[in-house]
Amino acid sequence: MAFLAIDVGNTRLKWAVYEAPAPGAALRAHGAEFLENIDKLAEGAWAGMGAPKCMLGCAVAADAVKRRVEEQMEELWDVPAQWVVASAEEAGLVNGYDHPTRLGADRWVAMIGARHRMLAQDGPRPMVVVMVGTAVTVEAVDAQGRFLGGFILPGHGIMLRALESGTAGLHVPTGDVREFPTNTSDALTSGGTFAIAGAIERMVQHVRRHCEAEPACFVTGGAGWKMAPHISVRFELVESLIFDGLLEIAQRRFPC
């Protein structure tokens, strides 16, 4: 029962086909496309692929982008598209957002993936879940699986573009991360990097104090590897958290 998982971010669409809609299922194929190239999937990466039996997707992009994905699927297969929307509770995670359905689907799915990964490794404990991409999110979850709340801040690229557009005469060449930057390029790169690192470290402090326990910390997202050398708290870098979460949800929605 082949399962197609799709993660539509702000910049790219990532997809993966698994042997079954279940955690630990073998990966058959995977790929990524920039959003502007979605319309080429049916005649490109998906063209020679067998029809999946079911599909589940996570999208932060507009409905028009999701519709473009669905059109590519319809061109090849008779498979209905299902998209995750955050709810009050799913797959063992309880949503503490003021308005649960307004929580970003990517944040919800990543937390589900992280919680089940943690349970398989260590058993119940609090956790902090970080996604580093176009935007950065830093989530807090208690040991019982209740989402306590989270930060949203601009990703590094947005920070630099905002400075460039809002500050007279400031141009943003690529710099290096330094403890004590002595030129503007390094100062900008270091400032953005340590702002993100500081948000992560502050959330770990909040969770540690609130839950009276040391949280597990998971980092994911396309730019997670760039941040990894500069995070001072103990963490695990996991590229596949959203796909892990989609597999957990799919196991419950599409029982084999």
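In what order do the seven strands of the open sheet lie? Good morning, colleagues; that question opens my presentation. The model before you is a predicted one. Its open sheet of seven strands follows the order E5-E6-E9-E8-E7-E10-E11, and the pairing is mixed. At the edges stand strand E5, residues 89-90, and strand E11, residues 236-237, each of which pairs on one side only. Strand E5 is joined to strand E6, residues 93-95, by two bridges, and these two strands run antiparallel. Within that pairing, Glu-90 has Leu-93 of E6 as its bridge partner.

I turn to the helices on this sheet. Helix H2, residues 105-121, lies across E5, E6, E7, E8, E9, E10 and E11. Its direction is at about 135° to that of E7, the strand formed by residues 127-132. Helix H4, residues 184-211, also packs on the sheet, where it touches E7, E8, E9 and E10. The direction of H4 makes about 165° with that of E9.

Let me now place these elements in the whole chain. The chain contains six helices and 11 strands. Its radius of gyration is 19 Å, close to the 18 Å that the globule rule gives for 256 residues, so the chain is as compact as a globular protein of that length. Along the principal axes, the C-alpha atoms fill a box of roughly 60 × 45 × 30 Å. Of the 256 residues, 48% are buried. The accessible surface comes to about 12400 Å², and carbon and sulfur atoms account for 51% of that surface.

The next topic is strand E1, which spans residues 3-8. Why may E1 be described as largely enclosed by the rest of the structure? The reason is that six of its six residues are buried. Both faces are covered: on one side Phe-3, Ala-5 and Asp-7 are buried, and on the other Leu-4, Ile-6 and Val-8. E1 has two pairings to consider. Six bridges join E1 to E2 in the antiparallel sense, and a hairpin of three residues connects these two strands. With E4, strand E1 pairs in the parallel sense, over six bridges; there, Leu-4 stands opposite Met-55.

Asp-7 deserves a moment of its own. Is this residue of E1 buried or exposed? Asp-7 has a relative accessible area of 8%, under the 20% cut-off, and is therefore buried. Its bridge partner in E2 is Lys-14. Beyond its neighbours up to four places away in sequence, Asp-7 touches Arg-12, Leu-13, Lys-14, Cys-58, Ile-242 and Phe-243. For contrast, consider Ala-64 in helix H1, residues 63-76. Ala-64 has a relative accessible area of 54%, over the 50% cut-off, and is therefore exposed.

Finally, I come to the nonpolar interior. The largest nonpolar core has 38 residues, and Phe-3 and Leu-246 touch the most other members. E1, E2, E4, H2, E7, E10 and H6 each supply at least two residues of this core. H2 provides the largest share, eight residues. Leaving aside neighbours within four places in sequence, Leu-246 is in contact with Phe-3, Ala-5, Ile-6, Leu-56, Gly-57, Cys-58, Val-84 and Val-109. Apart from this core lies another, of 21 residues, including Val-8, Leu-41, Ala-59 and Ala-61.

To close, I return to helix H2: this helix lies across the strands of the open sheet and supplies the largest share of the largest nonpolar core. Thank you.

Key
Residues are numbered from 1 along each chain as its sequence is written. This is a predicted model: local features need pLDDT of at least 70, side-chain atom pairs count only at pLDDT 80 or more; totals for chains, interfaces and linings use all residues. Side-chain values use heavy atoms; hydrogens and water are left out. Two strands pair if DSSP finds at least two bridges between them. Helices (H or I, at least four residues) and strands (E, at least two) are DSSP runs, numbered from the N terminus. Contact means heavy atoms within 4.5 Å. Axes are lines fitted to C-alpha atoms, for helices over the stretch in contact, and angles run from 0 to 180 degrees between N-to-C directions. Buried means under 20% relative accessible area, exposed over 50%, partly exposed in between (1.4 Å probe, protein chains only). A nonpolar core is a set of buried Ala, Val, Leu, Ile, Met, Phe, Trp, Tyr and Cys residues joined through side-chain atoms within 4.5 Å. The radius of gyration is taken over C-alpha atoms; the globule rule is 2.2 Å times the number of residues to the power 0.38. Accessible areas come from the Shrake-Rupley method with a 1.4 Å probe; for residues, only the protein chains shown count as cover.
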